[in-house]
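Subject: A structure to look at

Hello,

Here is the structure I promised to pass on to you. Have a look at it first, and then read on for what I found.

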Amino acid sequence: MLTLKQLRENKEEAVRRLQKKGVDALPIIERIETLDDRRKALQAELDDCLAQQNQAAKQIGTLMGKGLKEEAEAKKQEVAGLKVRSQQLKEESERTAEELQAEIVLLPNLPADIVPEGRTAEDNVVVKLVERESKIEG
C-alpha cells in the first residue's frame, strides 16, 4: 500500500506510474492531500483546546484557593465547554482519518518502471519463461 509520505513527496511520479496502468490517480491523490491537511488542522485545534482545558483547570484551583468562587465557577463552565469541543474535534478527526484511509486503499501499488502500459494481462511483456519437468511414474 502507498503511504502519505510517498504520495506527498512524489506526487507527479505516482500519477505518471499509475497512468501506465490506466489509473487516473490525480483526483484521488488530491483528495488524500485535502483529507490529510484537514486531519492535521483538526489535530492542531484539538491540541490547542486540550491545552486551554489544562490551563483553565489550573486557574480554577488558584481561584478557589483565593476564595473567588464565582470566578472559579465561570472557569468550570469554560472547561465544560472546552471538553465538549474537544470531544467533537476528536470524533471529527477520527472520521477524517477513516476517510483518508479509505481513499488511500483505492490506489494500487506503483508498477515498476519496466511495466509496459496497458490495463490487462495481455498488455504485459513476457520477460522469462520457465518450463517445468513433469514426472510421470507408471
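The expected span of a helix is 1.5 Å times one less than its number of residues. Please keep in mind that this is a predicted model.

Let me start with the two helices that the rule above helps with. Helix α4 covers residues 69-104, which makes 36 residues. At 1.5 Å a residue it should span 52 Å, and because its end C-alpha atoms are 52 Å apart, the model agrees with the expectation. Helix α3 has 40 residues. From its first C-alpha to its last, α3 reaches 59 Å, close to the 58 Å expected.

How do α3 and α4 lie against each other? Their axes come within 8 Å and cross at roughly 160°. Angles over 145 degrees count as roughly antiparallel, so α3 is roughly antiparallel to α4. The crossing in which α3 passes α4 is left-handed.

Just after α3 comes Gly-67, whose phi is positive, near 80°. Gly-65, still in helix α3, is exposed, with a relative accessible area of 68%. From Gly-65 to Lys-11 there are 54 residues along the chain, and their C-alpha atoms are separated by 57 Å.

Now to the side of α4 that is hidden. Which residues of α4 are buried? They are Ala-72, Val-79, Leu-82, Ser-86, Leu-89, Ser-93, Thr-96, Leu-100, Glu-103 and Ile-104. If you look at the numbering, it helps to recall that an α-helix has 3.6 residues a turn, so residues three or four places apart point the same way. The cover over the buried residues of α4 includes α1 (4-9) and α3 (26-65).

Thr-96 is a good place to zoom in. This residue of helix α4 has a relative accessible area of 5%, and because buried means under 20%, Thr-96 is buried. Setting aside residues up to four places away in sequence, Thr-96 touches Leu-35, Arg-38, Arg-39 and Leu-42. Seen from the other side, Leu-35 is in contact with Thr-96, Glu-99, Leu-100 and Glu-103, again leaving aside its neighbours within four places in sequence.

Two other positions in α4 are worth a glance. Glu-91, in helix α4, is partly exposed at a relative accessible area of 37%. Its C-alpha atom is separated by 9.8 Å from that of Leu-42, although the two are 49 residues apart along the chain. Gly-81, also in helix α4, counts as partly exposed at 39% relative accessibility. Gly-81 and Gln-53 are 28 residues apart in sequence, and 9.2 Å apart in space from C-alpha to C-alpha.

Next, the nonpolar core. The largest one has twelve residues: Leu-2, Leu-7, Ala-14, Leu-18, Ala-25, Ile-28, Ile-29, Ile-32, Leu-35, Leu-100, Ile-104 and Leu-107. The elements giving two or more residues to this core are α2, α3 and α4. Which of them gives the largest share? That is α3, with four residues.

The other helix pair to look at is α2 with α3. These two pack at an angle of about 145°, with their axes 10 Å apart, and their crossing is right-handed. Where they meet, Lys-11, Ala-14 and Val-15 come from α2, while Leu-26, Ile-29, Glu-30 and Glu-33 come from α3.

Lysine can be buried or exposed, so which is Lys-11? This residue of helix α2 is buried, with a relative accessible area of 18%. Not counting residues up to four places away in sequence, Lys-11 touches Gln-6, Leu-26, Ile-29, Glu-30 and Glu-33.

A second lysine, Lys-20, sits in the loop between α2 (11-19) and α3. At 13% relative accessibility, Lys-20 counts as buried. Lys-20 and Gly-67 are 47 residues apart in sequence, and 72 Å apart in space, C-alpha to C-alpha.

Happy browsing, and best wishes

How values were computed. Residues are numbered from 1 along each chain as its sequence is written. This is a predicted model: local features need pLDDT of at least 70, side-chain atom pairs count only at pLDDT 80 or more; totals for chains, interfaces and linings use all residues. Side-chain values use heavy atoms; hydrogens and water are left out. Buried means under 20% relative accessible area, exposed over 50%, partly exposed in between (1.4 Å probe, protein chains only). Contact means heavy atoms within 4.5 Å. A nonpolar core is a set of buried Ala, Val, Leu, Ile, Met, Phe, Trp, Tyr and Cys residues joined through side-chain atoms within 4.5 Å. Axes are lines fitted to C-alpha atoms, for helices over the stretch in contact, and angles run from 0 to 180 degrees between N-to-C directions. Angles under 35 degrees count as roughly parallel, over 145 as roughly antiparallel, 65 to 115 as roughly perpendicular and the rest as oblique. A crossing is left-handed if the near helix is turned anticlockwise from the far one by less than a right angle, and right-handed if clockwise.
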